[in-house]
Amino acid sequence: MAPELFPASEDHTHGNEPTTSVQDQNHGLSTSLPPVSPQPDAEECLVTDEEPFQSTSTSKRPASAENRLRPAADVINRLIWDTQFESNNYLIGYEDRFNGRLEANLSSWKKDLTDEEFIPQHRILYIKRKSDDDIVWDKRRRIDKIFLSGNSAFDYLAFLA
C-alpha cells in the first residue's frame, strides 16, 4: 500500500536553495525533494541565432510518409481483385531459404498460413509482368508501378520539377 503523504512544506534549506520536505503519515519518515523551478516566459523560449530545435522522437513512424513503399500484400491483392489487371500475367520473385531466388505464378500463390507451400510476405523480392518482363514492384529498388508509391511516385511526378 502506498504511504499517504502530507502537503509539502519549505522548511529545510539545501545550500542556498530551499528544499521541500514531505513526511510519511504512517511512518514519520521525511524525504527532501529538490525545488521546482518556475516555467520560463514565452520570450525566453525564442531561439534566434542558435541551431533550430531538433525533435528526438522515439516513434518508428518516418518523418515523411510520402515516399513509403506499399507492401507486397497490397500489390498482390490489387492484382488479384482489380479487373483492369490480368492476374495470370504476373510472376512473384521471392527468396527461398534453400533454393535461392525463385519465381512463382501469381495465380498459384498461396496466402494461407497453413498451406504447405506458403511463402512469407517478407521473402517477396519483386513482382513482374510476364508479357513484357516489366518489374511492377521491387522491394530493394523501391519501385511500385501499381500504386505509384516509393520511388515510383517521384518518377511519375518528375515532369513537375
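Reader: Why does Tyr-94 count as buried?

Author: Tyr-94 has 9% relative accessibility, and buried means under 20% relative accessible area, exposed over 50% and partly exposed in between, with a 1.4 Å probe and protein chains only. Tyr-94 therefore counts as buried. The model is a predicted one, in which local features need pLDDT of at least 70, side-chain atom pairs count only at pLDDT 80 or more, and totals for chains, interfaces and linings use all residues. Residues are numbered from 1 along each chain as its sequence is written, and side-chain values use heavy atoms, with hydrogens and water left out.

Reader: What makes Tyr-94 and Trp-109 an edge-to-face aromatic pair?

Author: Rings of Phe, Tyr and Trp (its six-membered ring) pair if their centres lie within 6.5 Å; planes under 30 degrees apart count as stacked, over 60 as edge-to-face and the rest as tilted. By this rule there are two aromatic pairs. One is Phe-85 with Tyr-90, at 6.4 Å centre to centre and 70° between the planes, which is edge-to-face. For Tyr-94 and Trp-109 the values are 5.8 Å and 70°, so this pair is edge-to-face too.

Reader: Where in the chain do Tyr-94 and Trp-109 lie?

Author: Tyr-94 is in strand β4 and Trp-109 in the loop between β5 and β6, 15 residues apart. Strands (E, at least two residues) and helices (H or I, at least four) are DSSP runs, numbered from the N terminus.

Reader: Why is Trp-109 called buried?

Author: Trp-109 has a relative accessible area of 10%, so Trp-109 falls under the limit for buried.

Reader: Why is Asn-67 called partly exposed?

Author: The relative accessible area of Asn-67 is 24%. That value lies between the two limits, so Asn-67 is partly exposed.

Reader: How do you know that β4 pairs with β6?

Author: Two strands pair if DSSP finds at least two bridges between them. Five bridges join β4 (residues 90–96) to β6, and the two run antiparallel, so they meet the rule. One of the partners is Tyr-126 in β6, opposite Gly-93.

Reader: Why is strand β6 described as largely enclosed?

Author: Strand β6 spans residues 124–129, and five of its six residues are buried, so the strand is largely enclosed by the rest of the structure.

Reader: What makes Arg-70 a charge over the ring of Phe-147?

Author: The rule asks for NZ of Lys or CZ of Arg within 6 Å of the ring centre and within 35 degrees of the ring normal. Arg-70 lies over the face of Phe-147, at 3.9 Å from the ring centre, so the distance fits the rule. Arg-78 also lies over the face of Phe-147, at 5.0 Å.
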